[in-house]
Amino acid sequence: MSSFVHLVSSLLSSSSSSTTTLLRNPNPNSSNTTTNRTAIRCKIREIFMPALSSTMTEGKIVSWVKSEGDRLSKGESVVVVESDKADMDVETFYDGYLAAIMVEEGGVAAVGSAIALLAESEEEIALARSKASSSSSSSSSSSNVADSEPKPVEKPLEVAATVKSQSPVAAVAVVCSTHPASEGGKRIVASPYAKKLAKELKVDLRLVVGTGPLGRIVAKDVEIAPAPAVASKPASVSSSPKLGSVVPFTTMQGAVSKNMVESLKVPTFRVGYTITTNALDELYKMIKSKGVTMTALLAKATALALVKHPVVNSSCRDGNSFTNNSSINIAVAVATDGGLITPVLQDADKADIYSLSRKWKELVGKARAKQLQPHEYNSGTFTLSNLGMFGVDRFDAILPHGTGAIMAVGASQRTVVASKDGRIGLRSQLQVNVTADHRVIYGADLASFLQTLAQIIEDPKDLTF
């Protein structure tokens, strides 16, 4: 289902002074009321970069689905925008013409800045393009003023933003004798920026599978396309990063960087605990064939422990109060090619382990295809970070901004231990370290929570109800 966002738009008049008055002085009681009325009668709208998530400050244009001069119908996709977490199709709720594109494919624009102009009639396209040219020439001198003054909401241009439906797997599935990004095999359909990038990277577009609308090749497809083979060098060399090069952050990496810096402003503390996993390992062996994952088991165990210790599921966002969250939503860190994201298993305490496992596999697939909806990654109340599958025995995790606690899970390892009666034996044990917001959660709270978690994992009969 589409999640709807409202792109703020302004109506432009034929004079630049009227436009400035409308954008900068939307007060109906001002002396420019007559001018504003003249502006509102004009049929050119500015399309702004939408905020597709609560943490998004800028977006990257992945591809323009429509070209300048194209007729737009209500509900049609206009542009694909890369937010800090996913690629989203932006659809217009207005009929008209895409008069001028102000930010080309591959370009980055701040949330709220203009990326295109929409004209209601063909006659106004020339006027819109003229205004786009004058706007771009003066943008550098006016950017500081624009950043310091609020934008009005006169006549919002509504659009729908939906996660792109095309996944790499689906794109490969439709490959046949005729390339999906061609018309009868006669020509390759690719965006201008994708063609330019392919030329620079020496990528053969005939070998690239397009993931844009109707199989159109976009810049991202060229970037991830395999490099041309070089006989004198092994294939692995061509994909290796160039040593000494400076690589800018992706949109997602930039968001992660900003959130981590914010997180370090929170006063945190850490508590570790050793848990015996023999019983959990046996349970996993029994139900693994039914599609159950270890991640789902750990999430379920954590959720059941949080039911008994709700303060560990709370969060402080403003520094003056804290929220006792009504739902237990377990976010689990997942590494992707573009950075780090935390898909959320919502109401993990209420779902059975089989449904939870199916949901987790679905979320991971969507995360790696950049198809997660905002509520699927920003609604976590407690976070898990598991590096155990890599053999890491213990580590500390940074507290995600806006949450109360995160638990770092290490690998389960065979360890020689002494039982309570003094006997020596082998047991499988793992280390967990919890990082918590000390403004809300105290040491005794975490200690009690970890004791309960250990009891659930060491006697996991409640995990399969």
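## Arg270, helix H12 and their surroundings

Arg270 is partly exposed, with 45% of its relative area accessible. That value, like the others in this report, is computed from a predicted model. Let us begin with this arginine and its partner, and then move on to the fold as a whole and to one helix.

**Salt bridges**

The side chain of Arg270 meets that of Asp396 in a salt bridge, with N and O 3.9 Å apart. Asp396 sits in the loop between E17 and E18, while Arg270 belongs to strand E12, so this pair ties together parts of the chain that are 126 residues apart in sequence. Asp396 has a relative accessible area of 47%, and because a residue counts as exposed only over 50%, it is classed as partly exposed.

How many salt bridges does a search of the whole structure find? The search finds 10. Three of them, including the one just described, are set out here with the accessibility of each partner.

| Salt bridge | N to O distance | Relative accessible area of each partner |
|---|---|---|
| Asp396 and Arg270 | 3.9 Å | Asp396 47%, partly exposed; Arg270 45%, partly exposed |
| Lys265 and Glu262 | 3.2 Å | Lys265 59%, exposed; Glu262 27%, partly exposed |
| Asp421 and Arg423 | 3.7 Å | Asp421 56%, exposed; Arg423 62%, exposed |

Lys265 is classed as exposed because its relative accessible area is 59%, whereas Glu262, across the bridge, is partly exposed at 27%. In the Asp421 and Arg423 bridge, Asp421 is exposed at 56%, and Arg423 is exposed too, at 62%.

**The fold and the confidence in it**

The protein has 465 residues, of which 46% count as buried. Its secondary structure comes to 12 helices and 20 strands. Among contacts with a separation of 6 or more, 67% are between residues 24 or more positions apart.

How confident is the predictor? The mean pLDDT of the protein is 76, and 74% of the residues reach 70 or more. Residues 1-41 have a pLDDT below 50, and the model gives this stretch 91 contacts beyond near neighbours in sequence. Residues 229-238 also stay under 50, and here the model has one contact beyond four places in sequence.

**Helix H12 and its neighbours**

Helix H12 covers residues 443-458, which makes 16 residues. From its first C-alpha to its last it reaches 22 Å, close to the 22 Å expected at 1.5 Å a residue.

Which residues of H12 are buried? They are Leu446, Phe449, Leu450, Thr452, Leu453, Ala454, Ile456 and Ile457. These buried residues pack against strands E12 (268-276), E17 (382-386), E18 (405-409) and E20 (424-437), together with helices H9 (278-287) and H10 (294-308). Strand E12 is also where Arg270 is found.

Phe449 deserves a second look. The structure holds one aromatic pair. Its rings, those of Phe382 and Phe449, have centres 5.7 Å apart and planes at 55°, so the pair is tilted. The pair links distant parts of the chain, with Phe382 in strand E17 and Phe449 in helix H12, 67 residues apart. Are these rings on buried or exposed residues? Phe382 is buried, because its relative accessibility is 0%, and Phe449 is likewise buried, with a relative accessible area of 0%.

Another neighbour of H12 is His309, which lies in the loop between H10 and strand E13 (330-332). Which residues does His309 touch, not counting those up to four places away in sequence? His309 touches Ser448, Phe449 and Thr452. The C-alpha atoms of His309 and Leu446 are separated by 8.7 Å, although the two residues are 137 apart along the chain. With a relative accessibility of 15%, His309 falls under the 20% cut-off and therefore counts as buried.

**A buried glutamate**

The last stop is Glu105, in the loop between strand E8 (96-101) and strand E9 (108-110). Glu105 counts as buried because its relative accessibility is 6%. What does the side chain of Glu105 reach? The side chain reaches the backbone nitrogen of Trp64, at 2.9 Å.

Key. Residues numbered from 1 in each chain as written. Predicted model: local features only at pLDDT ≥ 70, side-chain atom pairs only at ≥ 80, totals over all residues. Heavy atoms only, no water. pLDDT = per-residue confidence, 0-100. Contact = heavy atoms within 4.5 Å. Helix = DSSP H or I, 4+ residues; strand = E, 2+ residues; numbered from the N terminus. Buried < 20%, exposed > 50% of the residue type's maximum accessible area, 1.4 Å probe, protein only. Polar contact = N/O pair within 3.5 Å; in protein donor to acceptor, adjacent residues only side chain to side chain. Expected span 1.5 Å × (residues − 1). Phe/Tyr/Trp six-rings, centres within 6.5 Å; stacked < 30°, edge-to-face > 60°. Salt bridge = Lys/Arg side-chain N within 4 Å of Asp/Glu carboxyl O.
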